[in-house]
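Here's a quick tour of a protein model, written for someone just starting out. Have the structure open while you read, and look up each spot as it comes along.

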Amino acid sequence: MRIEDAKILAALPNLGIDRLEGAALSDYTSLGIGGTTDLLLIKRRASIPELVRMLDDAGYPHKFLGGGSNLLIRDGELPWVMLHLVKPEPEVRLEGNFAFVDAAADLGRTVTFCAKNNLGGMEGLIGVPGTIGGALRMNAGAYGIQIGTYVREVELYRAASRSLVTLKGDEIHFEYRHTSFALDDIMLAVKLELPSKPFKEILDGIRICNEKRRSSQPLNQKSAGCIFKNPPGASAGRMLDELGLKGLNVGDARVSDRHANFFVNAGNATAAQMLSLIDTVRERVRQSYGITLEEEVIIWK
Ligand code: EPU
């Protein structure tokens, strides 16, 4: 979708917003899949309420794009405008055991930065791709750790009231890959409380997780991590593997040979191919196990 409203186009520079006309979102997702649309890069988050008001008034649907690492976006010209927050410098500020982190900060870099300052706890998250904001919204987790455990305060843009809101940690519920944030809440910043640990000890934990991840996940291929959530008490990856689905493909969308719950873009996969593969696999699992798997990846159709 292209913005043609002259008033909006004229206002963008004053709001600290750059417009990339007809950006290919395949360049902004870890799957390398996604159609084209105007991408607005927001450099001042205080501008969000005004920007959203203008887009709403002019009838332009919009969505916020984070790190794009857990996202499957449809093909073709998208029927919405994409908004993206630009990282401020510095991304992380420390005060004792508290880390104040911008939502656009890279998750891995944040874990490493805190580790270097002898703040641990998040070792397991080191190889999870994406931003702090994305991790927060999904309550990202790995190797027994989930980010929600450390959250003390979240600043967000609440679309429902078109206002900036700050929530205390105990006002937010974090569950397995699920949070109580409203679907259209946009994460802006978080205050984490992290346990003190010597850097060397954290580094050992990071090394172990990295090793496990390298040996079991296709890290050098384009993917969005795990496609399905694990059903209670079971592993989606193991089920898919048991059904012999590794290597199954629709065009260039393919079930990874390394970890069956990772679907990779082996070349020029389209969203349509990936969605078709997801449906095929879900149906095979339903027939064999009587379980309907839910997607872990976010899908924008
Ligand atoms: N397994 C197989 N074949 C496979 C994949 C897995 O037999 O193709 C077996 C493994 O051998 C293991 C069991 O299934 O015994 C579980 O596998 P793994 O340890 O890889 O964990 P997972 O449950 O598949 C979860 C998260 C991952 C996270 C890892 C590590 C979900 C959906 N997945 O995977 O998160 O990295 O644990 O903690 O919760 C993601 O969220 O995108 C993601 C990849």
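A residue counts as buried when its relative accessible area is under 20%, and as exposed when that figure is over 50%. Keep in mind that this is a predicted model. With that cut-off in hand, let's start with one residue in a strand, then move on to a loop, three helices and a pocket.

**Leu39, a residue in a strand**
- You'll find Leu39 in strand β2.
- Is Leu39 buried or exposed? Its relative accessible area is 0%, so Leu39 is buried.
- Leaving out residues up to four places away in sequence, Leu39 touches Asp18, Arg19, Leu20, Ala23, Tyr28, Leu65, Met82 and His84.
- Take Asp18 from that list: it sits 21 residues from Leu39 along the chain, yet the two C-alpha atoms are separated by 8.3 Å.

**Ser47, a residue in a loop**
- Ser47 belongs to the loop that runs between β2 (36-42) and α2 (48-58).
- Ser47 has a relative accessibility of 4%, so it counts as buried too.
- Which residues does Ser47 touch, if you skip those up to four places away in sequence? They are Leu15 and Ile17.
- With Leu15 there's also a polar link: a polar atom of the Ser47 side chain lies 2.6 Å from the backbone oxygen of Leu15.

**Helix α2**
- The buried residues of α2 are Ile48, Leu51, Val52, Met54 and Leu55.
- Look down the axis of α2 and these buried residues fall within an arc of 160°, so they line one face of the helix.
- After α2 comes Gly59, which has a positive phi, near 80°.

**Helix α3**
- At the start of α3, a side-chain oxygen of Asp106 comes to within 3.2 Å of the backbone nitrogen of Gly108.
- Helix α3 covers residues 107-116, and its buried residues are Leu107, Gly108, Thr110, Val111, Cys114 and Ala115.
- Those residues take up an arc of only 165° around the axis, so they end up on the same side of α3.
- What do the buried residues of α3 pack against? Their partners are β6, β7, α4 (132-138) and α5 (199-216).
- Asn118 follows α3, and its phi is positive, near 60°.

**Helix α7**
- Here's a neat check: α7 has 19 residues (271-289), and at 1.5 Å a residue it should span 27 Å. Its end C-alpha atoms are 26 Å apart, which agrees.
- Which residues of α7 are buried? They are Ala271, Met274, Leu277, Ile278, Val281, Arg282 and Val285.
- Because they cover an arc of only 130° around the axis, they sit on the same side of α7.
- The elements that cover these buried residues include β4 (71-73), α6 (236-242), β16 (249-250), β17 (253-255), β18 (262-265) and β19 (298-300).
- Following α7 is Gly290, with a positive phi near 70°.

**The second largest pocket**
- How much space lies in the second largest pocket? It's about 230 Å³.
- This pocket is lined by 16 residues, and the closest to its centre are Arg45, Phe100, Val101, Ala189 and Val190.
- Strands β6 (92-95), β7 (98-102), β10 (151-158) and β14 (185-193) each give at least two residues to the lining.
- You've met β6 and β7 already: the buried residues of α3 pack against them.

Key:
Residues numbered from 1 in each chain as written. Heavy atoms only, no water. Helix = DSSP H or I, 4+ residues; strand = E, 2+ residues; numbered from the N terminus. Expected span 1.5 Å × (residues − 1). Buried < 20%, exposed > 50% of the residue type's maximum accessible area, 1.4 Å probe, protein only. Arc of directions from axis to C-beta. Contact = heavy atoms within 4.5 Å. Polar contact = N/O pair within 3.5 Å; in protein donor to acceptor, adjacent residues only side chain to side chain. 1 Å grid on protein atoms, 1.4 Å probe; cavity = no way out; pocket = protein on both sides within 12 Å on 5 of 7 lines; lining within 4 Å. Points joined across faces, edges and corners; volume = space filled by probe spheres on them.
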